[in-house]
Structure formats: C-alpha cells, structure tokens
Amino acid sequence: ACIDRADGFLEGVRKYAPDVQVVARLDGFAVRDKAMAVMEDILQAHPEVNVVFGINDDSALGALAAMEAAGKTKNNELIVGFDGTADAREAIKRGSLLKADVMQDPVAFAKAAIDAALKALKGEKLPANTITATKVLDASSVQ
C-alpha cells in the first residue's frame, strides 16, 4: 500500500506538474525519527527541495521537523502526509509546511473487509485490489 501511495503521488505530480524534478525517493521506514534523519540527508544533497510526500504521517512529520530545522518555512514549500493523525492535523492547523493530509475512511475499510470475508466464505472470487474512499484534509477542512 505504501508503494502504491508513493507511486500515485508521483503519477499526480507528473500529470499536473510535469516540469517538477524528483530528486530523491528514499525510505524513512514510516517512523518519525528515521524519516527526519532521511530528510536531513536529502536536504544536505538537495537543499532546493520544496515538496515532500510522506507515505504516512510519521514520515511527513519527520520530514517537517527536518525542514523546519533547516529554516524551510516559505510558502512555496509543501509537505503532504497520509493518515489524518492528530499530530498531522495540528501541524496543518498551525500553518506549517504540512499543508495537506490524505485520510482513509475506516468505516469504508471495515465494510470492504466484511464484504470480502463474506464473499470468501461463500467461495466467491475476490478482486486483486479493493479501493476505498479517501478524503484530503487541508487548512479549510481540518478539525
């Protein structure tokens, strides 16, 4: 799922901002302190970086900490996270570089899982993938 998230983000960037140059795609291990260290390394090699996608909120928040420590707080810098955790929502509320966060719908997840389980019990063939809805949180929608 994390690879699909990153691939989907890159697909969107290539579609809507084809001139953007991707300078790194590194693993922060979905852990805040490790993601921060990876982002520090990226900033050493590429101080011009201004857009980051974190495959989960800890990754995004680790990148945020590194970017803030490096003095990156301009309006043309952007971090996008994934999960909609309380910490990410607070970062969005305070106007940090974390400007958007993708939140999954746990009710839709549960329904899809139950539907799949019932089909499996009946011996029905299941699709290889099941897509559920997401919602984008930003300053106008975060609570």
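Q: Two strands pair if DSSP finds at least two bridges between them, so what makes β1 and β2 a pair?
A: β1 (51–53) and β2 (78–82) run in the parallel sense over 3 bridges, so they clear the bar of at least two. V52 has I79 of β2 as its bridge partner. This is a predicted model, where local features need pLDDT of at least 70, side-chain atom pairs count only at pLDDT 80 or more, and totals for chains, interfaces and linings use all residues. Residues are numbered from 1 along each chain as its sequence is written, and side-chain values use heavy atoms, leaving out hydrogens and water.

Q: What makes β1 and β2 strands and α3 a helix?
A: They're DSSP runs, numbered from the N terminus: strands are E, at least two residues, and helices are H or I, at least four. β1 covers 51–53 and α3 covers 57–69, so both qualify.

Q: Why is the crossover from β1 to β2 called right-handed?
A: With the strands pointing away from you, the path from the first strand over the helix to the second runs clockwise. Here that path goes from β1 through α3 to β2.

Q: How do you know that β2 and β3 pair too?
A: DSSP gives them 4 bridges in the parallel sense, with F82 standing opposite V102 in β3. Helix α4 (residues 86–93) joins in, and β2, α4 and β3 make a right-handed β-α-β unit.

Q: Why is β2 described as largely enclosed?
A: Count its buried residues (under 20% relative accessible area, 1.4 Å probe, protein chains only). In β2, 4 of the 5 residues are buried, so the rest of the structure largely encloses this strand.

Q: What makes the largest pocket a pocket?
A: On a 1 Å grid over the protein atoms alone, a pocket is an open set with protein on both sides within 12 Å along at least five of seven lines, and lining residues have an atom within 4 Å of a point. The largest pocket has a volume of about 850 Å³ (space filled by probe spheres on the grid points, joined across faces, edges and corners). Of its 31 lining residues, A24, R25, L26, V52 and F53 are closest to the centre. α1 gives the most to this lining, with 6 residues.

Q: How many residues lining the second largest pocket are nonpolar, polar or charged?
A: There are 10 nonpolar, 5 polar and 2 charged (Ala, Val, Leu, Ile, Met, Phe, Trp, Tyr, Cys and Pro are nonpolar; Asp, Glu, Lys and Arg charged; the others, Gly among them, polar). This pocket holds about 510 Å³, and Q104, F109, T130, I131 and T132 lie nearest its centre.

Terms used:
1 Å grid on protein atoms, 1.4 Å probe; cavity = no way out; pocket = protein on both sides within 12 Å on 5 of 7 lines; lining within 4 Å. Buried < 20%, exposed > 50% of the residue type's maximum accessible area, 1.4 Å probe, protein only.
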